[in-house]
There are 2 protein chains.
Amino acid sequence: MKNYSISGFPEWLPRQKQIEQSILDQIREQFELCGYVPVETRAIEPLDVLLHKGDDKEIYVLKRLHDNTDSTEADRFGLHFDLTVPFARYVQQHESKLVFPFKRYQIQKVWRGERKQEGRYREFYQCDLDVIAKDKLPLYFEAELPFMVMNIWQKLAFPRLLMKLSNRKVLQGFYQGLGVTDIISVLRILDKLAKVGPEQVAKLLSDELALPAVVIEACLSLAEIRSNSRSFMEEVESLGVKSELLNQGLAEMQTVVQTLDSMGMQGTYEVDFSIARGLDYYTGTVYEAYMSDHQHLGAVCSGGRYDKLARVGQHNLPGVGLSLGITRILGYFFNQPDQKFLADHLVEQRLQVLVVLPDESDRVAALKIACKLRARGIGADVYHQAQSFGKQMRQAEKRGIPYVWFMQEQGSDQVKHLASGTQTEADAEHWVP
Amino acid sequence: MKNYSISGFPEWLPRQKQIEQSILDQIREQFELCGYVPVETRAIEPLDVLLHKGDDKEIYVLKRLHDNTDSTEADRFGLHFDLTVPFARYVQQHESKLVFPFKRYQIQKVWRGERKQEGRYREFYQCDLDVIAKDKLPLYFEAELPFMVMNIWQKLAFPRLLMKLSNRKVLQGFYQGLGVTDIISVLRILDKLAKVGPEQVAKLLSDELALPAVVIEACLSLAEIRSNSRSFMEEVESLGVKSELLNQGLAEMQTVVQTLDSMGMQGTYEVDFSIARGLDYYTGTVYEAYMSDHQHLGAVCSGGRYDKLARVGQHNLPGVGLSLGITRILGYFFNQPDQKFLADHLVEQRLQVLVVLPDESDRVAALKIACKLRARGIGADVYHQAQSFGKQMRQAEKRGIPYVWFMQEQGSDQVKHLASGTQTEADAEHWVP
């Protein structure tokens with residue numbers, strides 16, 4: 001048989017899609033309860049918007065099939081690779097119609113033309129939460145976002161999450177204080193720490209940037225700090241590096257950590273200066289969250305503060321955002337059937353009843369029963385053709401429908417609960433599952 | 001200021017997105033209550049799948065930005081232009097894991113590289129409902145789909161919809177009976193009837209296909225038939241054309257119309273043989289629905305029966321589907337603010353309370369109140385910084401938040417309803433809006 005699947009473009013079976021939908025609905029409900037409003041942006045952006053920031057992303061560009069010219073209008077557009085860049089554009093475009101600080105959520109697919117790799121998708125859902133302010137964005141929001149994510153995680157009963165915090169000002173200020181000039185290259189190399197280990201990073205820093213051993217050692221020492229309280233302050237200070245930017249970054253971190261503690265978030269976060277989110281557009285706090293018992297899955301949530309993605313006239317529009325990678329999480333757990341957290345209770349089973357069709361002439365009567373049930377919020381379907389009752393019940397089982405309904409010409413209708421075999425009298429106006 | 005909008009790619013403001021989301025949620029709920037399960041397909045398909053059927057669609061093909069070769073893997077893929085073709089592929093691919101007749105709904109965006117035109121979009125949502133069976137699909141489903149759409153329409157209190165019905169076998173059988181050989185060309189020309197009128201169509205049929213006047217007249221007479229009952233049978237028969245295929249089509253139409261009548265659908269449909277859905281993949285019943293008071297908007301719902309889109313091994317997989325063009329409807333009504341049907345009652349306002357922040361030191365206390373309300377399903381946010389109460393209340397008004405909450409150091413908290421000015425005592429464990 002023909003192979004229709006396309007590598008990196010996952011598709012779920014209906015039951016899996018129901019689970020995904022249920023999770024997305026619950027996330028959406030929480031976002032809305034907390035005052036975030038929905039935004040949906042078009043799937044494409046002009047290439048200059050996409051390329052402005054985030055230069056390491058593989059972008060899919062569009063071309064009209066029947067367009068044979070080399071440079072066309074459509075050629076200037078690409079599919080978005082994240083939701084932050086389109087959102088920053090959206091806020092600039094509609095600035096006069098929005099209330100600031102503008103708190104929005106956005107749940108959409110994004111596309112990345114990445115190389116094939118285990119657990120990497122080319123099409124996947126992101127659930128983004130961002131706050132963009134006019135001119136000044138209170139540091140408070142840098143604590144609100146992890147707080148939101150942690151609450152959602154608990155609500156969904158997902159496996160334990162550890163939110164790792166770092167700060168680009170701390171990293172850049174630290175390197176400045178060490179006299180490093182090519183800071184972007186240092187960030188880029190240190191970003192590989194988790195993948196290649198400290199020796200290899202030290203070698204790259206030495207070979208490529210010719211940094212002195214003492215500088216390399218300090219960089220690695222900073223990256224080794226782990227702290228679940230304000231103790232990171234002393235640990236950084238003990239490395240003896242000083243700069244204005246470093247101080248600013250540390251003060252920001254301290255405020256964020258203090259705020260998290262005041263919100264009762266102790267134990268859910270960890271300061272980790274190996275987190276750099278190297279080539280992205282972040283300027284302050286950065287986040288990367290891992291499921292503690294499934295670390296090899298990689299970061300399932302990431303984001304940070306960005307001060308330079310958007311401006312309107314004289315106004316700068318600083319923002320902070322976090323993004324949940326729902327597809328990666330689901331893809332992983334769909335392949336691990338023993339995982340408890342994708343249990344059936346996540347899905348609201350709307351379809352409860354299959355009305356048995358004894359004869360084609362009974363269809364209207366059967367449909368009336370189904371309609372009465374539906375009107376009361378009980379999902380009901382009528383079997384598609386007159387066949388043996390056995391066949392009809394087997395279809396109900398295959399579709400996961402818990403009850404079958406037997407119409408009676410005389411006396412009350414009967415409802416059978418398939419799992420238990422219990423059969424009871426019922427009428428469509430009053431019966432409940 | 002820079003113009004960021006892209007012609008044909010609509011974007012809504014948050015309030016509009018809330019309305020769209022609410023409508024999509026209600027549609028989804030109805031689909032599920034009636035036994036349809038969700039499917040979501042990837043946004044792209046191999047070009048040979050897309051081009052197999054539906055040859056008149058402008059397809060956007062993908063190319064990786066950093067890929068400079070002429071013929072690449074990515075070049076073989078395009079964005080889907082509808083949800084029927086991807087769904088037929090999905091059913092073939094996953095056939096062994098599905099229960100037939102397979103009833104699915106699918107709500108996703110589709111993309112068409114069409115020429116710019118008023119009311120035409122290049123990116124838009126489709127809400128599709130399809131049933132695909134193995135080998136034999138009961139005609140009943142050709143009545144179920146309009147029944148589903150009509151019920152949803154009523155539920156949403158959308159303006160009155162008229163479902164137009166036709167049948168490709170009737171049209172093709174009729175032309176065959178007239179001795180026409182190039183049936184596809186006749187369909188293509190007759191498809192223009194609504195746009196260019198009967199004289200122009202007669203001219204085209206004569207000029208391009210050299211059809212005799214009597215044949216042209218018969219074709220136009222068939223296209224003029226309108227019937228809201230089984231009377232169409234006599235009207236077609238009175239034209240004196242006969243063929244096997246025509247009889248088969250008329251028998252199908254009669255069954256569908258009878259079934260609709262038995263479901264109480266009189267007055268919601270109209271038989272109209274000018275509906276051909278010319279170049280599409282349909283083989284039997286075809287649908288086009290118009291809002292009676294907004295006909296110039298064009299068809300907002302269309303579809304039909306397709307027997308040849310999918311097969312697996314020895315099994316043919318016939319299907320029937322209907323597609324709602326939600327974006328077109330919303331785009332139209334968002335530009336007509338006097339339209340009642342987009343009234344606020346469609347949107348569940350989850351965010352009810354803004355907790356006033358007297359001082360930064362009160363933030364944790366304020367957040368606790370918000371969390372208590374959220375836990376009871378009442379949306380609540382805390383103002384982002386300590387400012388005058390006046391400013392805080394004005395922001396609540398701008399965000400459409402009906403209540404503001406004042407914490408009190410001594411005595412009970414106070415809640416003010418902004419619209420009425422009423423202020424009452426409240427505590428976060430018991431208060432309801």
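What turn and what shift lay chain A on chain B? A turn of 180 degrees, with a shift of 0.0 Å along the axis. The RMSD of that superposition is 0.0 Å. So this is the relation of a two-fold axis. Keep in mind that we are looking at a predicted model.

Now, where does the axis run? Look for L62(A). Of the residues of chain A, L62(A) comes closest to the rotation axis, with its C-alpha at 2.5 Å.

Stay in that region. Strand β3 of chain A covers residues 60-64. β3(A) pairs with β3(B), also residues 60-64. The sense is antiparallel, and there are five bridges. For one position in register, take V61(A): K63(B) in β3(B) stands opposite.

Next, the contact as a whole. Chain A puts in 62 residues, and chain B puts in 61 residues. Which elements of chain A supply at least two residues each? Among the helices, α1 (14-33), α3 (84-94), α13 (363-375) and α14 (389-398). Among the strands, β1 (37-38), β3 (60-64), β5 (102-111) and β16 (379-382). α1(A) gives the most, with six residues.

What about composition? The side of chain A that touches chain B divides into 28 nonpolar, 15 polar and 19 charged residues.

Last point. Why do we say that the copies meet through the same surface? Because 98% of the interface residues of chain A are also interface residues in chain B.

To recap: a two-fold axis relates the chains, L62(A) is the residue of chain A closest to that axis, and β3(A) and β3(B) pair in the antiparallel sense. Thanks.

Methods: Residues are numbered from 1 along each chain as its sequence is written. Chains are lettered from A and ligands numbered from 1 in the order in which they are written. This is a predicted model: local features need pLDDT of at least 70, side-chain atom pairs count only at pLDDT 80 or more; totals for chains, interfaces and linings use all residues. Two residues are in contact if their C-beta atoms, placed from the backbone, lie within 7 Å. Helices (H or I, at least four residues) and strands (E, at least two) are DSSP runs, numbered from the N terminus. Ala, Val, Leu, Ile, Met, Phe, Trp, Tyr, Cys and Pro count as nonpolar, Asp, Glu, Lys and Arg as charged, and the others, Gly among them, as polar. Two strands pair if DSSP finds at least two bridges between them. Copies are superposed by least squares on the C-alpha atoms of residues with pLDDT of at least 70 in both.
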